[in-house]
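The following paragraphs walk through a protein model with its bound ligands, its pockets and its enclosed cavities. Keep the sequence and the structure at hand while reading.

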Amino acid sequence: MKVVHSDRHRGHAPTVETYLGVPVPACEVPARAEAILAALGGDGGFELVGPAEHGLDPILAVHDPGLVRFVEEAWAEAERQGIGRDFLVADTYPTRAMFQGMSDGLVAARPEPRAIGGRTGWWGLDSSNPIVAGTADAARSSVDVALTAADLVLGGETAAYGLCRPPGHHAAAAMAGGYCFFNNAAIAAQAITERTGERVAILDVDVHHGNGTQQIFWRRGDVRYASLHADPIRLYPFFLGHGDEVGEGPGRGHNRNLPQPLRADDATYLADLDRALDWIAEAPGSVVVVSLGFDTFEHDPIGDLGLTTAGYHEMGRRVAALGRRLVILQEGGYHVGALGENARAWLRGAEGRPPAALA
Ligand code: Q9C
Ligand code: ZN
């Protein structure tokens, strides 16, 4: 399988995020992608390739131009406004109750603030998403990695893996958050449906609900979204990801959430994976985009499920058994020491190769 990766992710190198208002070491760090790349390179069965530049148009096909402008300008604007920090995080967000009672039209006409702190809250979901000097460039390269993996599959590969970093699935049309700036999987799915005229499915197996992907395709019948994730009653993103969120309008019945119990093991999880795969198989289409997270791992520092490395091999095997072409894109996973072997296990499973003997 071809593995698409770019060194430009390294520019997004936050050292600190905030957790309940307190600075803590950043989770979403360059070492994550480096660990996966080293394991896949060392396997010998993967071919590493660089991305092609795709420009802003495919990003603007799913994102609000205001979000794209904000991500591109945020760091320079923070410096211009004299925010002398090594990372930018908001502290004030436009939560829904602030606008309670106002008409939709008046709410929609509230202007974007000019102060960079206000702008960061305006376009953001949460305070664990630091922006640093190289964030915009890394986010752009992550999209290029995803689109290049999609190109490979549309060009005839059965499957391709995009080592995206930063991840994407929490980013909505007009919102960054959860370590995500541009929604790599949604941008790839949109490009695939435009180019093939086919329906596309997105399977999201990160431990967190992909609220951004759900939001982008909420009213769309041509892109269906299935997600397995820790029940949002317990875990980020907290406010979406429940089983009764099924889409609306033309998208009704094209969104499927399968929240998982605390410490769900391989067997519990794989039974729901089969439900999601059966549901994907019900709709036509030849390509599935996989939002692949390893924060479902039993030892992940921020997840609360209980999957094992052997479980990832079996997950890859079952997803490939769908018989559709796979654009596999990296999302989360924060146990840096296990990420390489978990990615290797999943992708070897998807290729029909046996699990690797552990080094
Ligand atoms: N310090 C992805 O896995 N909150 N995003 C973390 C812990 C945000 C995870 C708080 C978690 C976002 C792509
Ligand atoms: Zn996650």
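The residues that line the second largest pocket divide into 18 nonpolar, nine polar and six charged. The model is a predicted one. This pocket holds about 710 Å³ of space. Its lining is made up of 33 residues, and those nearest the centre are T18, Y19, S128, Y236 and F238. Strand β2, residues 16-19, gives the largest share of this lining, with three residues.

S128 also appears in the surroundings of ligand 1. This ligand has 14 residues around it, of which E17, S128, G178, D295 and Y334 are the closest. Three polar contacts can be followed from the ligand to side chains. A nitrogen atom of ligand 1 lies 3.2 Å from an N or O atom in the side chain of S128. On the side chain of H208, an N or O atom is 3.2 Å from an oxygen atom of ligand 1. For Y334, a polar side-chain atom is found 2.6 Å from an oxygen atom of ligand 1.

H208 and D295 lead on to the metal. Which residues coordinate the zinc ion (ligand 2)? The donors are D206, which contributes two OD entries, H208 through ND1, and D295 through OD, at 1.9 to 2.7 Å. Along the sequence these donor residues follow the spacing D-x1-H-x86-D. H208 sits in the loop between β6 (200-204) and α8, whereas D295 sits in the loop between β9 (287-292) and α10 (309-320), so this pair ties together parts that are 87 residues apart in sequence.

Are these two donors buried or exposed? The cut-off for a buried residue is under 20% relative accessible area, with protein chains only taken into account. H208 has a relative accessibility of 6% and therefore counts as buried. D295 has 0% and therefore counts as buried as well.

Next comes the largest pocket, with a volume of about 1000 Å³. Its lining consists of 21 residues, and P94, T95, R96, G124 and M175 are the ones nearest its centre. Three helices, α4 (104-108), α5 (116-122) and α8 (211-216), each supply at least two residues of this lining. By class, the lining of the largest pocket contains 14 nonpolar, five polar and two charged residues.

The enclosed spaces remain. How many cavities of 30 Å³ or more are there? The count comes to four. The largest cavity contains about 80 Å³ of space. It is lined by 13 residues, and T120, G124, D126, N129 and I131 are the closest to its centre. G124 is also among the residues nearest the centre of the largest pocket. The lining of the largest cavity has eight nonpolar residues, four polar ones and one charged one.

The second largest cavity has about 50 Å³ of space. The residues lining this cavity are H5, S6, D7, H9, A33, E34, L37 and L163. They divide into three nonpolar, three polar and two charged residues.

To retrace the route, S128 is one of the residues nearest the centre of the second largest pocket, and its side chain makes a contact with a nitrogen atom of ligand 1. H208 makes a contact with an oxygen atom of ligand 1 and is also a donor to the zinc ion. D295 is among the residues closest to ligand 1 and likewise coordinates the zinc ion.

Note on methods: Residues are numbered from 1 along each chain as its sequence is written. Chains are lettered from A and ligands numbered from 1 in the order in which they are written. This is a predicted model: local features need pLDDT of at least 70, side-chain atom pairs count only at pLDDT 80 or more; totals for chains, interfaces and linings use all residues. Side-chain values use heavy atoms; hydrogens and water are left out. On a 1 Å grid over the protein atoms alone, a cavity is a set of points where a 1.4 Å probe fits but cannot get out, and a pocket is an open set with protein on both sides within 12 Å along at least five of seven lines; lining residues have an atom within 4 Å of a point. Grid points are joined across faces, edges and corners, and a volume is the space filled by probe spheres set on the points. Helices (H or I, at least four residues) and strands (E, at least two) are DSSP runs, numbered from the N terminus. Ala, Val, Leu, Ile, Met, Phe, Trp, Tyr, Cys and Pro count as nonpolar, Asp, Glu, Lys and Arg as charged, and the others, Gly among them, as polar. Donors are N, O and S atoms within 2.8 Å of the metal (3.2 Å for Na, K and Ca); water is not among the atoms, so sites may look incomplete. Buried means under 20% relative accessible area, exposed over 50%, partly exposed in between (1.4 Å probe, protein chains only). A residue is near a molecule or strand if one of its heavy atoms lies within 4 Å of it. A polar contact is a pair of N or O atoms within 3.5 Å; within protein, one must be able to donate a hydrogen and the other to accept it, and residues adjacent in sequence count only if both atoms are side-chain atoms.
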